[in-house]
Amino acid sequence: MSAAKAAGADLAEIRIDLLDPAEQPHWLSVFAARVLPVIVTNRASWEGGNAVNDEDARLRSLVLAVKLGVPYVDVELEAAERFREILREQGIPMSATELILSHHNFDRALDADEVARVQERMRGAGADIHKIAMMATSAMHNALVFDTLKNARVPTIMIAMGELGQVSRLAAARFGAFLTFASVTPGEESAPGQVDVRTLMQLYRFRSVALDTPMYGVIGNPVSHSASPATLNAAMSVTGKEGVYFPLKVEADVPKFIREMTARGFAGFSVTIPGKLAAMEAMDQIDDVARRIGAINSVIKRKDGTLKGFNTDWVAALSAVEEKMTGGMKGKRVLCIGAGGAGRALAFGALERGAVHVTIANRTKSKAEALAKDLGGLASGIGLEELTDQNDFDVIMNSTSVGMIPRVDDSPVDKQLFHKGMVVFDAVYNPLKTKMLKEAEEAGCVIVSGLEMFVRQAAVQFENWFPDTEAPLDTMRQVVLKRLGH
Ligand code: NAP
């Protein structure tokens with residue numbers, strides 16, 4: 001409990017049922033040593049808990065908590081009547097304790113009617129605080145949580161459990177929830193989707209979030225390892241911008257998710273794999289180059305409420321590469337390795353910036369040819385194996401995942417391709433210096449790491465969302481380096 005307090009928690013929950021079975025009767029010693037106000041909970045096994053004693057004995061432990069004057073007890077809605085009976089039998093008033101009545105569904109989410117019925121029953125049973133926890137099976141279930149919290153007339157805790165519902169926990173303060181739960185230390189979470197107190201406070205800026213704070217987030221699947229929340233929250237924090245940025249795991253219907261979340265206070269999104277194409281359907285306007293690339297990675301909600309999509313990947317990669325060249329891309333012959341999403345962005349970007357010719361080399365030759373066709377007359381597509389040391393390029397840009405951890409001894413091309421003076425870029429940034437970049441450096445090339453692309457695409461997004469403020473590139477770079485263990 002001291003650790004929770006030191007990390008910034010206001011309240012501690014004593015989960016009697018999560019103590020070792022032999023220890024459960026001794027929860028009082030935990031209570032006696034409290035350094036924070038407490039909620040006492042002894043969750044029934046029929047409601048997903050671990051309580052080992054019989055139902056009346058379980059409820060008597062909560063009645064004892066009331067007798068001791070704890071500020072809050074959590075009782076299952078279904079057990080409310082029996083709990084009140086035992087209070088009456090023992091002549092114990094609820095004068096110093098507020099009653100949290102809770103409802104859990106670990107299998108599925110409730111719909112709006114079911115939530116209304118549960119709330120009605122909780123009101124009827126005299127709850128001071130309502131708590132509803134339901135398993136999110138879709139990211140859209142967060143919308144019901146946000147609406148319920150926003151419209152609640154009684155202090156309410158509502159959680160969509162699981163990674164798909166994680167934002168319902170992280171954004172609890174934004175919607176006026178009575179509280180959100182966090183574990184004391186990472187790895188000790190008591191329910192799926194929870195984070196630890198320090199992460200909630202520091203990374204997700206819990207204390208600086210108000211009811212009108214603009215929200216941002218990265219939509220993707222997976223997103224749990226994304227460096228974007230750390231990078232963009234740090235950027236807002238050091239520049240004093242009001243806003244908070246969340247990871248948003250979305251498995252299906254990205255356009256609907258974007259529309260529904262924008263209607264509930266999201267002011268912008270980053271979009272990563274696999275949503276970059278689908279997200280375009282939700283846009284009212286798409287930036288010209290992004291439309292030609294066929295993918296967006298950034299969304300802004302404009303003042304009139306309409307949505308505009310951008311592609312900041314190409315701007316980021318090209319600006320990082322051009323910074324290392326005299327005369328920029330103009331007139332340069334460029335080799336783009338890879339014809340996936342990032343490959344499209346790099347190839348379109350190179351031509352946009354004035355390259356005289358772009359060769360796309362890809363493992364699957366037909367995809368390179370198709371991309372070259374989309375690019376028009378200044379591009380050609382070949383198979384990766386067709387590259388020889390006879391080819392002569394000014395710039396080489398890799399957008400395949402070859403060389404990424406754990407396969408750090410792989411390179412997508414033979415080192416014979418490199419020569420002095422060439423600029424070589426690798427979109428992979430873990431490791432920072434891939435085998436391809438090491439070999440290029442040995443051959444006298446100027447090298448550019450994918451870290452620069454990552455940091456700059458986030459910086460361009462930040463500046464799209466906050467046009468009056470320059471993105472704190474150094475801070476953002478440091479955050480990513482720290483996450484990569486440097
Ligand atoms: P994608 O759409 O799935 O495309 C993957 C590309 O890599 C395809 O061209 C694929 O060739 C090729 N490829 C995959 N495995 C290969 C192998 N073993 N040998 C040869 N080629 C292989 O993915 P993406 O979105 O373009 O991302 C690609 C890479 O760029 C990832 O490593 C990603 O992390 C990185 N990236 C970095 C940034 C940044 O900010 N630094 C931004 C975006 C992406 P086939 O067509 O033959 O399958």
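**Notebook: ligand shell and two sheets**

I began with the residue classes around the ligand: the shell has 11 nonpolar, 9 polar and 2 charged residues. I note that this is a predicted model.

Next I asked which residues come nearest. Of the 22 residues around the ligand, these are G341, A342, N362, T364 and A427.

I then looked up polar contacts to the protein backbone. A polar backbone atom of A339 is 2.9 Å from an oxygen atom of the ligand. For G340, I found a polar backbone atom 3.5 Å from an oxygen atom of the ligand. A nitrogen atom of the ligand has a backbone N or O atom of G450 at 3.0 Å. I also checked how much of the ligand is covered: on its own it has 920 Å² of accessible area, and the protein covers 76% of that.

Which helices supply at least two residues each to the shell? I found α13 (341-352) and α16 (450-465). Of the elements, α16 gives the most, with 3 residues.

I followed α13 to a sheet. Six strands form this open sheet, with parallel pairing, in the order β15-β14-β13-β16-β17-β18. The edges are β15 (379-383) and β18 (446-448); each has a single partner strand, so one side of each is left without a neighbour in the sheet. Neighbouring strands here are turned by 15° against each other on average, direction ignored.

I looked at one strand pair in detail. Strands β16 (395-398) and β17 (423-426) run parallel and are joined by 4 bridges. M397 has F425 in β17 as its bridge partner. Packing on this sheet, α13 touches β13 (333-337), β14 (357-362), β16 and β17, and its direction makes about 170° with that of β14. Helix α15 (435-442) also packs on the sheet, with contacts to β13, β16, β17 and β18; its direction makes about 170° with that of β17.

I then turned to another sheet. It is open, and its 6 strands pair in parallel in the order β1-β2-β3-β4-β5-β6. Its edge strands, β1 (12-15) and β6 (156-161), each pair on one side only. The average turn between neighbouring strands of this sheet is 20°, direction ignored.

Where do β3 and β4 join? I found 5 bridges between β3 (72-76) and β4 (98-105), which run parallel. In this pair, D74 stands opposite I100 in β4. Helix α4 (80-90) packs on the sheet and touches both β3 and β4, its direction making about 130° with that of β3.

My last entry is helix α5 (112-124), which lies across β4, β5 (129-135) and β6 and runs at about 150° to β5.

Methods. Residues numbered from 1 in each chain as written. Predicted model: local features only at pLDDT ≥ 70, side-chain atom pairs only at ≥ 80, totals over all residues. Heavy atoms only, no water. Pairing = 2+ DSSP bridges. Axes fitted to C-alpha atoms, helices over the stretch in contact; angles between N-to-C directions. Contact = heavy atoms within 4.5 Å. Near = heavy atom within 4 Å. Polar contact = N/O pair within 3.5 Å; in protein donor to acceptor, adjacent residues only side chain to side chain. Areas by Shrake-Rupley, 256 points an atom, 1.4 Å probe, with all protein chains shown as cover. Nonpolar A, V, L, I, M, F, W, Y, C, P; charged D, E, K, R; others polar.
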